[in-house]
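The following exercises concern the architecture of a single protein chain. Each consists of a task and a solution worked out step by step.

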Amino acid sequence: MKSMFKLVLVMLALMMVITACGTGPNESGNDQDQNQGQTGEDPVDENDVSPTDDEEDEGTTQTVTLYFSDNELMKVYRVQKEITVAEGEQAEVVALQAWIEGPDEEDLTNLLPPDVVVEYVEDKDGVAHVSFSREILNANLGSSGEAFLITQIVMIMEQFGYEQTQILVEGEIVESLLGHVETAKPLQAQNPEDFEQR
C-alpha cells in the first residue's frame with residue numbers, strides 16, 4: 001500500500017514538472033514575436049517611411065525682372081526679384097503674381113488693386129495670352145497710369161521670349177482696360193534697356 005502511495009506521488013510530481021515546462025514564458029521560442037502579436041505593430045521598414053515636409057521639393061528659385069512705376073507715375077523701372085516656382089507652376093504666372101504683390105522699394109508703386117488674380121498664361125503662335133481676373137478693371141488710373149500698367153505686363157512677358165502680349169480679362173479680349181489704351185490686339189514689347197535698372 002505504501003509503495004502504491006509513493007508511486008502516485010512520483011507520478012503527480014512528474015506531471016507537475018511536465019506541465020510547468022510546457023507553460024513557460026517562451027513557448028513559441030520567440031518573445032519578440034509574441035509581443036508583436038499583442039501590440040498589433042509590425043516592424044518598421046525603412047523603405048516605407050514617407051519624406052517629411054522639409055524633404056519635399058520646395059521648387060526652383062530663379063531671378064526675374066519686374067517693372068514698377070515711381071510714386072509720381074513719371075517713369076517705369078525694372079527691378080530684379082527672386083521667385084520660387086513649384087512643380088507644376090508656370091514661371092510666367094509666378095512672376096506676374098510677384099509683380100501684383102508690389103515692389104519692395106518704398107519709392108516705387110503697384111498700379112493694381114490688391115485682389116487682382118493672374119488666371120493663366122498661354123502661348124498662342126508665339127504670342128503670350130495673359131488672362132487677369134475682372135478686378136483689373138477697377139484700377140484707378142488715368143491715361144499715363146494705364147499706359148504704364150500695360151507696359152509693365154508686356155515687359156514682364158518679354159523676358160520669357162514673348163515679343164507680343166495679348167491682355168485678357170477672364171479669358172476674353174477687351175477693347176481697353178480702363179478706357180485710355182486699346183488692348184484689342186497684341187501689344188509689342190520694348191527693349192528692356194530702355195528702362196532704368198533699380
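Two strands are said to pair if DSSP finds at least two bridges between them; strands (E, at least two residues) and helices (H or I, at least four residues) are DSSP runs, numbered from the N terminus. The model is predicted, with local features requiring pLDDT of at least 70 and side-chain atom pairs counting only at pLDDT 80 or more, while totals for chains, interfaces and linings use all residues. Residues are numbered from 1 along each chain as its sequence is written, and side-chain values use heavy atoms, with hydrogens and water left out.

**Exercise 1. The open sheet**

Determine the strand order of the open sheet and identify its edge strands.

Step 1. The open sheet has 4 strands in the order β3-β1-β2-β9, and the pairing is mixed.
Step 2. The edge strands are β3 (108-109) and β9 (196-197), each of which pairs on one side only.
Step 3. β1 and β3 run antiparallel and are joined by 2 bridges. One bridge partnership is that of D70 with L108 in β3.

**Exercise 2. The surroundings of β5**

Establish how β5 is connected to β4 and β6, and whether its residues are buried or exposed.

Step 1. Consider β4 first. β4 and β5 pair in the antiparallel sense over 6 bridges, and D123 has A128 in β5 as its bridge partner. The two strands form a hairpin with 2 residues between them, and D125 in the turn has a positive phi of about 55°.
Step 2. Turn to β6. β5 and β6 run parallel and are joined by 6 bridges; H129 stands opposite Q166 in β6.
Step 3. Include the intervening helix. β5, α4 and β6 make a right-handed β-α-β unit (with the strands pointing away from the viewer, the path from the first strand over the helix to the second runs clockwise).
Step 4. Assess burial, where buried means under 20% relative accessible area, exposed over 50%, and partly exposed in between (1.4 Å probe, protein chains only). In β5, 6 of the 6 residues are buried, so the strand is largely enclosed by the rest of the structure.
Step 5. Compare the directions of the side chains. In a regular strand the side chains alternate between the two faces of the sheet. V127, H129 and S131 point one way from β5, whereas A128, V130 and F132 point the other way.

**Exercise 3. The packing of α3**

Describe what α3 packs against and how α3 is placed relative to α4.

Step 1. α3 is mostly covered, with 9 of its 11 residues buried. Among them are E92, V93, L96 and W99.
Step 2. The buried residues of α3 pack against β1, β2, β4, β5 and α4; contact means heavy atoms within 4.5 Å.
Step 3. α3 lies across β1 and β2, running at about 125° to β2, and α4 lies across β1 and β2, running at about 160° to β1. Axes are lines fitted to C-alpha atoms, for helices over the stretch in contact, and angles run from 0 to 180 degrees between N-to-C directions.
Step 4. The axes of α3 and α4 are 10 Å apart, and the helices pack at an angle of about 145°. At their interface, E92, A95, L96 and W99 in α3 meet L149, Q152, I153, I156 and M157 in α4.
Step 5. Beyond the helix, α3 is followed by G102, whose phi is positive, near 100°.

**Exercise 4. The nonpolar core**

Identify the residues with the most contacts inside the largest nonpolar core, and list the neighbours of L177.

Step 1. A nonpolar core is a set of buried Ala, Val, Leu, Ile, Met, Phe, Trp, Tyr and Cys residues joined through side-chain atoms within 4.5 Å.
Step 2. The largest such core has 46 residues, and those with the most contacts inside it are L66, L96, W99, F132, I136 and L177.
Step 3. Elements giving two or more residues to this core include β1 (60-70), β2 (76-85), α3 (91-101) and α4 (143-158).
Step 4. Not counting residues up to four places away in sequence, L177 touches I136, L137, E146, L149, I150, I167, V169 and T183.

**Exercise 5. Positive phi in loops**

Locate L73 and E170, and state the phi and accessibility of each.

Step 1. Most residues other than glycine have a negative phi, and most peptide bonds are trans.
Step 2. L73 lies in the loop between β1 and β2 and has a positive phi near 55°. Its relative accessibility is 26%, so L73 counts as partly exposed.
Step 3. E170 lies in the loop between β6 and β7 (172-173) and has a positive phi near 50°. At 42% relative accessibility, E170 counts as partly exposed.
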